[in-house]
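Open the model in a viewer and keep the residue selection box at hand. The stops below go from sheets to helices to single residues.

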Amino acid sequence: MKIEYPDYLNLFQCIAGDCPDTCCAGWEVDVEDESYDYYQTVPGRFGDVLRSRIATEGGEHYFPLTPEGRCPFLNASNLCELYVDLGEESLCRVCTEYPRYYMQVGDYEQIDMSLSCMALGRIFFSPEEHMQILTLRDDSVSDGDPLAEDEEAHLQRVLELRNETLDEVSLNPSLVLDKLHDNAGDRELFHIIDQFEILNETCHGILQSLKKNPEQLRALERPFEKAAGGQVTDWFSRLYRYLVFRYFIDAYYDDDILREIRLCSRSLRLVYLMCLDRFRKKQSFDREDMVDLAHLFSKQVEHSDQNVEAMKLVQGNGIPGMPVREGCHPAEPDSLTGFHTD
């Protein structure tokens, strides 16, 4: 088994009740069968309360949110009562693994982490952190189904394209600026926003405000980048590498790397517009703003298969006067990395 993961995975530690936006609110928590079976054996009053708070629908178990939109086990101190009463081993899988995300193909596994977690975002955007991909090999473990020779060759080609793109951005971060300033696809992007499943009301409100006066936002690019103290290139090159590492592996199943390039490019531009909108409202911008907006974007887009798919699709149909375009905006990329060459 070959496992690849970013180095900041080793630095992450949940900050529990100190988190400014707890992951125990805003979405229902799935309870996998193993945890469900264990919860049926918990004795005493707490066990009775625990079982009373589990809902089942279509054979799937979950903890429904309270009327306040919180997990029923999240107490007033933003601490988990399951953890407090029964220990970490009692947590269901999604609570144990978040913000980690796993993708396995054959004997290859990729682990990354979601920027929807603000504790991770503070590590990710810190000046001291530089994203490095680490590799762990364990030939004694082989969990995945063996790949055929052509499937293995396809996987390796996808990983090569991913690594080439990561290296290209690392060696020349300023390439990302072209993507940030490319507004040719904004009309498409606003159309995609209207298709989004709404997962986060705060982010939804920000995205809707982007469409009101896009010309005003574009005029703020230089003042914003000046206010950010020269950090924009660094922040967004990191963000692009995060997106590339997380999503290029999907090309193994999509069999179309352009879908992943659309997602990465559009996501980069969308977060940039969100930053311009925050600067317009605050007339200032710092690293904590970047952490916050990246986490809002992730909660709204990355935690919805529907929204991720919308960001990958060719747009054009249904938008008056807009032709269907078969690649990244404003035209097909000159290389599969998605960067335009001279």
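Start with the open sheet of three strands, whose order is S2-S4-S3 and whose pairing is antiparallel. The structure is a predicted model.

Select residues 29–31 for strand S2 and 55–57 for strand S3; these are the edge strands, and each of them pairs on one side only. Looking along the sheet, note the turn between neighbouring strands, which is 40° on average with direction ignored.

Now add residues 60–63, strand S4, and look at its pairing with S3: the two are antiparallel and share three bridges. To see one position in register, show Ala55 and Tyr62 of S4, which stand opposite each other.

Next, move to the other sheet of the tour. How many strands does this open sheet have, and in what order? There are four, ordered S5-S6-S1-S7, and the pairing is mixed. Select 100–105 and 133–137: strands S5 and S7 are at the edges, and each has a single partner strand, so one side of each has no neighbour in the sheet. Here neighbouring strands are turned by 20° against each other on average, again with direction ignored.

Within this sheet, select residues 108–113, strand S6, together with S5. The two strands run antiparallel and are joined by six bridges. Arg100 and Met113 of S6 stand opposite each other.

Keep the sheet on display and bring in the helices. Helix H6 packs on the sheet and touches S1 (2–6), S5, S6 and S7, with a direction that makes about 35° with that of S6. Helix H12 lies across S1, S5, S6 and S7 as well, running at about 145° to S6.

Hide the strands and select 149–171 (H6) with 232–247 (H12). The axes of H6 and H12 come within 10 Å and cross at roughly 175°. Are the two helices roughly parallel or roughly antiparallel? H6 is roughly antiparallel to H12, because the cut-off for that term is an angle over 145 degrees.

For the contact itself, show side chains on both helices. H6 contributes Arg162, Thr165, Leu166, Val169 and Ser170, while H12 contributes Ser237, Tyr240, Arg241, Val244 and Phe245. By type, the residues of this contact divide into five nonpolar, three polar and two charged.

Now turn to the cysteines. How many disulfides are there? The count comes to zero. Select Cys24 and Cys23: Cys24 is in no disulfide, and its nearest cysteine sulfur, that of Cys23, is 4.3 Å away, whereas a disulfide requires two sulfurs within 2.5 Å. Cys24 is partly exposed, at a relative accessible area of 21%.

Then select Cys203 and Cys275. Cys203 is in no disulfide either, and the nearest cysteine sulfur, that of Cys275, is 11 Å away. Cys203 counts as buried because its relative accessibility is 1%, the cut-off being under 20%.

The last stop is Asp182. Where is this residue placed? Asp182 is in the loop between helix H7 (175–181) and helix H8 (186–195). Asp182 is buried, with a relative accessible area of 16%. Add Ser265 to the selection and draw a C-alpha to C-alpha distance: Asp182 and Ser265 are 9.6 Å apart in space and 83 residues apart in sequence.

Note on methods: Residues are numbered from 1 along each chain as its sequence is written. This is a predicted model: local features need pLDDT of at least 70, side-chain atom pairs count only at pLDDT 80 or more; totals for chains, interfaces and linings use all residues. Side-chain values use heavy atoms; hydrogens and water are left out. Two strands pair if DSSP finds at least two bridges between them. Axes are lines fitted to C-alpha atoms, for helices over the stretch in contact, and angles run from 0 to 180 degrees between N-to-C directions. Buried means under 20% relative accessible area, exposed over 50%, partly exposed in between (1.4 Å probe, protein chains only). Angles under 35 degrees count as roughly parallel, over 145 as roughly antiparallel, 65 to 115 as roughly perpendicular and the rest as oblique. Contact means heavy atoms within 4.5 Å. Ala, Val, Leu, Ile, Met, Phe, Trp, Tyr, Cys and Pro count as nonpolar, Asp, Glu, Lys and Arg as charged, and the others, Gly among them, as polar.
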